[in-house]
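Here are my notes on the model you sent over, as numbered points. They go through the helix packing and then turn to the sheet and what sits around it.

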Amino acid sequence: MGRRKGPGPPSRLVTVDTVRHHPKVAAFVEAADRHLAAIGYTEHGQRHSTLVSRIAFNVMTRLGFAQREAELAAVAGFTHDIGNVVGREGHALVGAVLMAPILDELGMPPEETAEVLGAIGNHEETHGHPVNPVSAALILADKTDVHRSRVRNRDPATFDIHDRVNYAVVRSFLNVDGPSRTITLDLTIELEVTPVLDYFEIFLQRMIMCRRAAEFLDCRFHIVINGARLL
Ligand SMILES: [Fe+2]
Ligand SMILES: [Fe+2]
């Protein structure tokens with residue numbers, strides 16, 4: 001518990017549990033996912049938000065960051081795609097702007113809010129960069145969430161390349177090894193669904209971003225697909 005100078009409520013150690021149950025956060029995450037469903041995007045709702053939140057938290061703790069820093073990564077992870085409630089284009093920047101008053105209302109100290117906002121605003125490969133450790137952990141957690149369970153389209157005949165690549169991934173695990181400072185994305189892909197090349201066609205930009213995020217955390221980034229190390 002801290003005490004904030006000036007107007008506003010006293011600052012608190014806001015947890016991801018508090019944030020996810022805020023009525024606006026809960027409603028916006030749900031609506032963002034519905035809006036993306038309407039334009040044919042893969043799942044970006046509770047499943048993706050919760051998973052990214054947990055993985056970002058784990059990346060931080062496994063690399064020896066303080067619990068509180070890890071909690072901020074969890075908050076950024078849960079809320080990073082909330083800007084999709086307004087629109088897909090620029091959703092990272094919009095999401096940060098939406099979250100600022102909510103985190104303030106919950107009593108998060110401004111320095112912590114700043115870290116979370118920088119992470120949310122920088123999570124997309126089009127214009128994002130790892131700007132702080134929380135942001136680097138969020139990039140790694142978000143960009144490596146590729147999995148069959150994200151595909152909403154039930155008709156394989158009409159799959160686009162994003163559906164195909166996600167559908168092909170039956171197992172996905174981000175292995176963070178603190179002592180050796182290596183982060184490895186370990187994927188199992190059904191090659192009859194999509195060739196490995198399709199994966200790289202879609203995900204090359206994301207994997208470059210992951211490598212930069214890993215380097216920011218003083219780690220090396222590897223990709224293993226079906227047991228073979230490709231990077
Ligand atoms: Fe996003
Ligand atoms: Fe995301």
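1. First, a caveat: this is a predicted model, and local features were considered only where pLDDT is at least 70. For side-chain atom pairs the bar is pLDDT 80 or more.

2. Let's start with H5 and H6. H5 covers residues 91–106 and H6 covers residues 110–121; their axes come within 8 Å and cross at roughly 160°. An angle over 145 degrees counts as roughly antiparallel, so that is how H5 and H6 are related. The crossing of H5 and H6 is right-handed. On the H5 side, the contact is made by Ala92, Leu93, Gly95, Ala96, Met99, Ala100, Leu103 and Asp104. H6 answers with Thr113, Val116, Leu117, Ile120 and Gly121. Sorted by class, the residues of this contact come out as 9 nonpolar, 3 polar and 1 charged.

3. A general reminder for reading contact lists like that one: an α-helix has 3.6 residues a turn, so residues three or four places apart point the same way.

4. H6 also packs on H7 (residues 133–143). The axes of H6 and H7 come within 8 Å and cross at roughly 35°, and the crossing is right-handed. Glu115, Val116, Gly118 and Ala119 of H6 meet Val134, Ser135 and Leu138 of H7. Here the split is 4 nonpolar, 2 polar and 1 charged. Note that Val116 is listed in the contact with H5 and in the contact with H7.

5. What does H7 do with H4 (residues 67–79)? The two helices pack at an angle of about 50°, with their axes 9 Å apart, and are therefore oblique to each other. This crossing is right-handed. Glu69, Leu72, Ala73, Ala76 and Gly77 form the H4 side, while H7 brings Pro133, Val134, Ala137, Leu138 and Ala141. By class, that gives 8 nonpolar, 1 polar and 1 charged residues. Val134 and Leu138 of H7 appear in this contact and also in the one with H6.

6. Now the sheet. It is open, has 4 strands in the order S1-S2-S3-S4, and its pairing is mixed. S1 and S4 (228–229) are the edge strands, each pairing on one side only. In general, strands of a sheet pair through backbone hydrogen bonds, either parallel or antiparallel.

7. S1 (residues 169–177) and S2 (residues 182–189) run antiparallel and are joined by 8 bridges. To follow the register, take valine 169, whose bridge partner in S2 is isoleucine 189. Further along, serine 172 stands opposite leucine 187, and aspartate 177 has threonine 182 as its partner. The two strands form a hairpin with 4 residues between them. If you check backbone torsions, look at arginine 181 in the turn: its phi is positive, about 50°.

8. On to the next pairing: S2 and S3 are parallel, over 6 bridges. One of the pairs is leucine 185 with isoleucine 223 of S3. H9 (196–216) lies across S2 and S3 (220–225), running at about 160° to S3.

9. H8 (residues 161–168) has several buried residues: Asp163, Val165, Asn166, Tyr167 and Ala168. Which elements cover them? S1, S2 and H9 are among the things that do.

10. My last stop is threonine 194, in the loop between S2 and H9. Is threonine 194 buried or exposed? The cut-off for buried is 20 or more other C-beta atoms within 10 Å; threonine 194 has 21 such neighbours, so this loop residue counts as buried. Leaving aside neighbours within four places in sequence, threonine 194 is in contact with Arg164, Val165, Ala168, Ile189 and Tyr199. Of these partners, Val165 and Ala168 are listed among the buried residues of H8, and isoleucine 189 is the S2 partner of valine 169. The C-alpha atoms of threonine 194 and alanine 168 are separated by 6.1 Å, although the two residues are 26 apart along the chain.

Note on methods:
Residues numbered from 1 in each chain as written. Chains lettered and ligands numbered in written order. Axes fitted to C-alpha atoms, helices over the stretch in contact; angles between N-to-C directions. Parallel < 35°, antiparallel > 145°, perpendicular 65-115°, else oblique. Left-handed = near helix turned anticlockwise from the far one by under 90°. Contact = placed C-beta atoms within 7 Å. Nonpolar A, V, L, I, M, F, W, Y, C, P; charged D, E, K, R; others polar. Pairing = 2+ DSSP bridges. Buried ≥ 20, exposed ≤ 12 C-beta atoms within 10 Å, placed from the backbone.
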